[in-house]
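Colleague: I have a model to go through before I set anything up. Can you walk me through the fold, the strands and the empty spaces?

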Amino acid sequence: MAMISSDSTLITKALLRRYRHVAPFFSVVASARPMKTINKDMSRLTLASTSSATRFISGTPISKKSDSKKNDLIPGAAQSSYGSLGDPTSPFAKNNISDNSNNESAASNSRDHKNANPTSWQPQNDADVQRVTSQALIYELTRTTADTIEKVVPWFLHTMPESYFRQIPPYLRREHVKSLAAIVDADMDLYLNLKSKTSDGRTVHTFIRPTTQPGTLLSMVEELPDSNPSTPSLTRLHVFSAADNSFSLNMFVMGKSEPMPHEDSVTENNSAAPRPYRDAILQFASEVRNGKYLSEYPDLNPREVCFGESSLQCYLSKCRDNYLKVICEHPERFLRQRMLFESVSGTEGCEARVEEAVHESAGSANSANGKQYWLDVAMANSLPQIALEHTCRLLFVQGFDVNKARLDVIPDGDNGNVTMLRLLVHPIIVDTESGVNSNANNVVDTKSRFERLKYNLKRSKWLDDTTMKLVFEDEPWLGVKRGEIITAMCNLLHPIFTKTAGSGGSNFYSKHNILQTVTNSGSIGHAAKIADLFFERFDPKQPMDN
């Protein structure tokens with residue numbers, strides 16, 4: 001009987017040593033151990049449990065004994081005590097970093113944790129473990145993303161201009177905020193190309209760049225898909241810059257643009273019911289016809305035919321509502337743009353006009369005179385994307401920066417359509433040898449620069465890509481006139497050389513090879529002198545005699 005009792009005692013002690021973490025037996029173990037030791041172990045367990053929230057902080061290695069034990073809770077998760085980036089995977093690593101003297105005890109607790117029997121609330125199979133792990137990751141990402149959004153949204157609302165919120169619908173603004181939040185959360189540069197759809201099915205290309213430097217809009221236009229008659233053309237453009245100049249956000253809308261019908265746009269007698277902004281424009285035009293603004297706006301002729309109510313009603317029906325919402329605040333600009341449209345309607349021409357942007361804030365720090373200007377361009381029967389690219393390239397080459405821009409395509413009946421460009425620009429500072437510019441010189445210089453810009457804009461519609469590249473990228477010192485003469489002569493030489501060289505010379509004397517030879521660094525100077533001689537000989541004002 002004594003032997004049985006002795007064996008039972010040994011078995012009981014062995015079981016207690018093996019399963020001392022089980023709650024029902026903990027009091028027995030506590031009675032056999034000093035209270036100081038128990039408190040010390042409890043303290044370590046408490047610290048270990050709180051360290052799980054910071055388990056991804058890198059630290060020093062834990063003991064090799066714990067390395068030999070694999071964490072079987074997540075299949076394939078722990079081949080060593082460190083992840084692929086050197087982060088400890090053990091929940092006790094945080095304690096090991098803060099107190100190296102407790103390494104052995106922490107490793108002992110880690111072994112106890114790994115050898116513990118599954119509890120009733122713990123997932124028992126791999127599928128459940130994977131599901132719980134996935135949910136934990138989702139929760140963790142949701143919290144970090146929510147924190148980022150709480151910071152990004154107020155900053156975005158504060159830094160974007162008012163025109164952005166007036167012109168861009170809420171569902172597209174949400175996409176922009178979500179994309180910016182993702183970039184900020186990943187600590188990346190604000191460089192993003194976003195493709196989305198409008199409510200009527202058109203495609204919107206949104207480009208965000210971490211700069212507002214001159215040439216930014218041109219680089220974005222060059223990234224657009226190639227424009228050709230078989231693909232949706234550019235029908236709308238929105239250009240915005242952040243108030244702190246931290247980024248630029250430009251939107252290019254592709255696809256057919258038609259005025260959207262409104263439920264309240266038709267009355268009982270089936271006549272158009274003008275919206276408030278249409279009323280404001282029509283009321284202002286009526287006052288102009290009555291001669292009320294002769295002194296304030298002398299350029300608005302009361303007898304202008306296109307200011308008639310029926311003519312304006314017809315033109316208003318072709319305009320998009322979001323454009324009218326913005327322009328109705330300054331109806332005098334709407335009437336000027338109406339005259340610009342009328343000047344090219346029914347033709348193949350191009351017209352441009354410039355006026356000081358008195359309602360806009362002062363220009364940026366790199367503005368030559370601290371002012372901003374509205375540049376309005378009307379180009380008949382031109383591919384909108386090509387018209388925009390040519391205009392942006394001319395602005396960049398001739399020293400102008402674009403702050404805002406808008407593009408609309410207005411139907412012109414049987415004549416096709418008219419591309420209307422409205423750009424808020426300012427002349428950038430041009431370095432001079434003296435480094436000193438008086439205000440009078442600035443005014444004269446700005447006026448001459450705009451006159452030159454308008455002249456080149458009218459010519460740009462008829463320039464092919466080869467000439468544009470030559471005079472605006474490769475050799476800008478040549479000028480448009482020389483560039484046109486040089487490319488035209490190269491094209492004329494092609495059939496002459498091909499015929500002279502026979503069948504074997506068709507490839508050697510191609511248009512590309514001829515142009516490359518004429519415009520290389522050793523020949524371009526001679527080509528420019530030949531172009532000058534040709535121009536002087538056939539100058540219609542004072543031609544050179546034979």
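Modeller: What follows covers the sheet, some helices, the spaces and two loop residues.

Colleague: What kind of model is it, and how are residues numbered?

Modeller: It is a predicted model, where local features need pLDDT of at least 70, side-chain atom pairs count only at pLDDT 80 or more, and totals for chains, interfaces and linings use all residues. Residues are numbered from 1 along each chain as its sequence is written, and side-chain values use heavy atoms, with hydrogens and water left out.

Colleague: How many helices and strands does the protein have?

Modeller: The protein has 21 helices and 8 strands. Helices (H or I, at least four residues) and strands (E, at least two) are DSSP runs, numbered from the N terminus.

Colleague: And what percentage of the residues count as buried?

Modeller: Of the 546 residues, 37% count as buried. Buried means under 20% relative accessible area, exposed over 50%, and partly exposed in between, with a 1.4 Å probe and protein chains only.

Colleague: What is the strand order in the sheet?

Modeller: The open sheet of 8 strands runs β1-β2-β4-β3-β7-β8-β6-β5, with antiparallel pairing. Its edge strands are β1 (192-197) and β5 (350-356), each of which pairs on one side only. From one strand to the next, the twist averages 15°. Two strands pair if DSSP finds at least two bridges between them.

Colleague: Is strand β8 largely enclosed or open, and why?

Modeller: Strand β8 (residues 417-427) is largely enclosed by the rest of the structure, because 10 of its 11 residues are buried.

Colleague: Which strands pair with β8, and over how many bridges?

Modeller: Strand β6 (residues 373-380) pairs with β8 in the antiparallel sense over 8 bridges, and strand β7 (residues 400-411) runs antiparallel to β8 with 11 bridges. As for registry, Y373 has V425 of β8 as its bridge partner, while A405 stands opposite L423 in β8.

Colleague: What about the turn between β7 and β8?

Modeller: β7 and β8 form a hairpin with 5 residues between them, and G413 in the turn has a positive phi of about 65°.

Colleague: How many bridges join β2 to β4?

Modeller: There are 7 bridges between strand β2 (residues 203-209) and strand β4 (residues 248-254), which run antiparallel. In that pairing, R209 has S248 of β4 as its bridge partner.

Colleague: Now the helices. Which strands does α9 lie across?

Modeller: Helix α9 (residues 170-185) lies across β1, β2 and β4, running at about 150° to β1. Helix α14 (residues 331-344) also packs on the sheet, where it touches β5, β6, β7 and β8, and its direction makes about 160° with that of β5. Axes are lines fitted to C-alpha atoms, for helices over the stretch in contact, and angles run from 0 to 180 degrees between N-to-C directions. Contact means heavy atoms within 4.5 Å.

Colleague: How far apart are the ends of α7?

Modeller: The end C-alpha atoms of helix α7 (residues 126-159) are 48 Å apart, which agrees with the 50 Å that its 34 residues should span at 1.5 Å a residue. The expected span is 1.5 Å times one less than the number of residues.

Colleague: Which residues of α7 are buried, and what covers them?

Modeller: The buried residues of α7 are V129, T148, V152, F156 and T159. Their cover includes α8 (162-167), α9 and β3 (234-241).

Colleague: On to empty space. How much lies in the second largest pocket?

Modeller: The second largest pocket holds about 1,000 Å³ of space. Of the 44 residues that line it, P161, E360, N403, K404 and L424 are the closest to its centre. The largest share of that lining, 6 residues, comes from β7.

Colleague: And how many cavities turn up?

Modeller: A search of the whole structure finds 4 cavities of 30 Å³ or more. The largest cavity has a volume of about 150 Å³. It is lined by 17 residues, of which G215, T216, L217, D401 and V402 lie nearest its centre.

Colleague: How are pockets and cavities defined here?

Modeller: On a 1 Å grid over the protein atoms alone, a cavity is a set of points where a 1.4 Å probe fits but cannot get out, and a pocket is an open set with protein on both sides within 12 Å along at least five of seven lines; lining residues have an atom within 4 Å of a point. Grid points are joined across faces, edges and corners, and a volume is the space filled by probe spheres set on the points.

Colleague: Last one: where is N245, and what is its phi?

Modeller: N245 is in the loop between β3 and β4, and its phi is near 60°, a positive value in a residue other than glycine. N245 counts as partly exposed because its relative accessibility is 45%.
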